[in-house]
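Colleague: I would like to learn how to read a model of this kind feature by feature. Could we begin with the idea of burial and then work outwards from there?

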Amino acid sequence: MSSQASPPGPSPRTLLRLIPGSFSNPAEFLLGLTREYGDLTCLRLGIKNVYLIGSAEYAEDILEKRQEEFSNWISWFIKKAGILEGEGLIATESQGHASRRALVGPSFVRENISKYTGTIISYGLNQRELWAPGQPSDLEKDMGRLTLSIVLKTLFNLDLDTEGKKIGEVINRLMFHYNAVFPPVLLAQPILRHLPQNNVRGLIKELNEVSKIIYGIIDERKKNSEERGDLLSSMMAARSEDEKNPRMTDTQIRDECVSMLLAGHDPMAKALTWTWYLLSQNPEAERSIHDEIDTVLGGRIPGLSDMDKLPYTENVFREAMRLYPPVWMMIRQSLTDLKIGGYETPKGSLFLVSPYILQRDPRYFEDPLSFKPDRWEGWNEKSGLTYFPFGGGRRVCTGEPLSWMQGVLLIALIAQKWSLRLAPGHVVEPKPQITLGTKHGVRMVPQKRDS
Ligand code: HEM
């Protein structure tokens, strides 16, 4: 294919005119651009070349087939802004990434995640008891709290209500700043330095706070080295084949813990929140999930061995992450000049790859805006990256197997007892930040099921 000048896209003037409106929902704004300009859209945003990907083939090229030609821009940003040292997974760029994953990855492989089941179930049961029939509650907050409790317990063996209260509060503030830092960056490269300063400062302040707490826990563990069965113990005991650096340093462990705290609870909370919202809007799907749960579990508490027996529940979770992928945007930066779709793109260009956009594309999903968990029955893989809520390639989410388990078990456990109805008059509006949350929460009224 011969090279062409530049992919189509709005002129800088048009873009400047559109940007203020786009802040309300950047995911929909970018989706609209791909509908207008096609598989590759050039966003002329000043010094940086920014390309928006609108085809599953190009997404696969960037995240998988040609991944060596790209770095993860968010990792670069986290390191550059001084947020992390670059030693934990999310902030490690190309070099060193493979060895980091080799050290941390084994904790998350399918065979090792079963040890977290007890924690997931016990916190899920606890959440089940917190609601009162007819008393509205914000599900986004509830799910955030539930998944943060689980991550604190699995990582540090701390309980959010007691000894983990302080770190929990710091993490919530950290998440607020982390989420708020990124969106302007997506659309306003040239003004990056000015826009997110307060949040970057806030993020660094909270990070120092969280670091102090984590280093304190590490020191305490060194003095008393008994095995606690949590991820911190696994990291402190992990040995790599690298003879010069066989064990993780305290900074590496700190960075890894922060990676897990940032990456490990918020996307999970968002995935569950959207699941409850979608079920409340689709009574037929809610009936089907209740039927499956009642038939398979008959009132008993679900366990790991039920995972394969709850395919509809899993498909509900899968379909919710199709319509509302919690990590709705991945950003890569090219390491060399390269050709995409017949266009030459210069080294250092940014590529925006969004599961939100591709998972709503009618070429890949029939009737894409409808919530249809049944579509996944006997699903045939299509070519390219059409469904990728956990990303792709070597940076694919390390927590993916754990997330499927956690999602299915928590949905089954909660739907067994409760039907969650959207509070009258409450409007749910997406708020795409680093994860896909909502503008005003998801206010729901729990109704007790009879079974
Ligand atoms: C529904 C839940 C989750 C979703 C949708 C999700 C999604 C993702 C996505 C899309 C990425 C890739 C980002 C990129 O390529 O730029 C990612 C990376 C990551 N996730 Fe998850 N995640 C979830 C849960 C978890 C959990 C439970 C953990 C850990 C306990 C976790 C840990 C990580 C880490 C450490 C990375 C960075 C991996 C690397 O760069 O090598 N995630 N996640």
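Modeller: A residue is called buried when its relative accessible area is under 20%, exposed when that area is over 50%, and partly exposed in between. Please keep in mind throughout that this is a predicted model.

Colleague: Is Leu 413 buried or exposed on that scale?

Modeller: Leu 413 has a relative accessible area of 0%, and therefore it counts as buried. Leu 413 belongs to helix H16, and its C-alpha atom is separated by 7.8 Å from that of Ile 121, although the two residues are 292 apart along the chain.

Colleague: Which helix follows the loop that holds Cys 397, and what does Cys 397 do for the iron atom of the ligand?

Modeller: Cys 397 is in the loop between helix H15 (355–358) and helix H16 (400–417), so the helix that follows is H16. The SG atom of Cys 397 is the single donor that the protein offers to the iron atom of the ligand, at 2.3 Å.

Colleague: How should I read the backbone angles, and where is phi positive in a residue that is not a glycine?

Modeller: The general expectation is that most residues other than glycine have a negative phi. Asn 157, which is not a glycine, has a positive phi of about 60 degrees, and it lies in the loop between H7 and H8. Asp 367 also has a positive phi, near 45 degrees, and is placed in the loop between H15 and H16. Asn 157 has a relative accessible area of 31%, which means that it is partly exposed, and Asp 367, with 36%, is partly exposed as well.

Colleague: What can be said about the length of helix H14, and how many of its residues are buried?

Modeller: Helix H14 covers residues 311–323, and at 1.5 Å a residue its 13 residues should span 18 Å, which agrees with the 18 Å between its end C-alpha atoms. Eleven of the 13 residues of H14 are buried, so that the helix is mostly covered. Among the buried residues of H14 are Tyr 312, Phe 317, Arg 318, Glu 319 and Arg 322.

Colleague: How do I read a strand, and which way do the side chains of S5 point?

Modeller: In a regular strand the side chains alternate between the two faces of the sheet. In strand S5, Met 330, Arg 332 and Ser 334 point one way, while Ile 331 and Gln 333 point the other way, and all of them are buried. The strand, residues 330–334, is accordingly described as mostly covered, with five of its five residues buried.

Colleague: Which strands are joined to S5 by bridges?

Modeller: Strand S3 (residues 70–72) runs antiparallel to S5 and is joined to it by three bridges, with Phe 70 having Ser 334 as its bridge partner in S5. Strand S8 (residues 350–353) is also antiparallel to S5, through four bridges, and the partner of Gln 333 in S8 is Leu 350.

Colleague: In what sense does S2 pair with S8, parallel or antiparallel?

Modeller: S2 and S8 pair in the parallel sense over three bridges, with Phe 351 of S8 as the bridge partner of Tyr 51. Strand S1 (residues 40–44), by contrast, runs antiparallel to S2 and is joined to it by five bridges, where Leu 43 has Val 50 as its partner. Four of the five residues of S2 (residues 49–53) are buried, so this strand is largely enclosed by the rest of the structure.

Colleague: What is the order of the strands in the open sheet that contains S12, and why is one side of S4 left without a neighbour?

Modeller: The order of this three-stranded open sheet is S4-S12-S9, with antiparallel pairing. Strand S4 (137–138) and strand S9 (418–422) are at the edges and have a single partner strand each, so one side of each has no neighbour in the sheet. S4 and S12 (residues 443–448) are paired over two bridges, and Ser 137 has Met 444 as its bridge partner in S12.

Colleague: Finally, how is empty space found, and what lines the largest pocket?

Modeller: Rolling a probe the size of a water molecule over the atoms shows where empty space is left. The largest pocket has a volume of about 800 Å³, and of its 28 lining residues the closest to the centre are Glu 140, Lys 141, Asn 172, Asp 266 and Lys 270. Helix H8 (165–181) is among the elements that supply at least two lining residues, and it gives the most, with eight. By character, the lining divides into six nonpolar, eleven polar and eleven charged residues.

Methods. Residues are numbered from 1 along each chain as its sequence is written. This is a predicted model: local features need pLDDT of at least 70, side-chain atom pairs count only at pLDDT 80 or more; totals for chains, interfaces and linings use all residues. Side-chain values use heavy atoms; hydrogens and water are left out. Donors are N, O and S atoms within 2.8 Å of the metal (3.2 Å for Na, K and Ca); water is not among the atoms, so sites may look incomplete. On a 1 Å grid over the protein atoms alone, a cavity is a set of points where a 1.4 Å probe fits but cannot get out, and a pocket is an open set with protein on both sides within 12 Å along at least five of seven lines; lining residues have an atom within 4 Å of a point. Grid points are joined across faces, edges and corners, and a volume is the space filled by probe spheres set on the points. Ala, Val, Leu, Ile, Met, Phe, Trp, Tyr, Cys and Pro count as nonpolar, Asp, Glu, Lys and Arg as charged, and the others, Gly among them, as polar. Buried means under 20% relative accessible area, exposed over 50%, partly exposed in between (1.4 Å probe, protein chains only). Two strands pair if DSSP finds at least two bridges between them. The expected span of a helix is 1.5 Å times one less than its number of residues.
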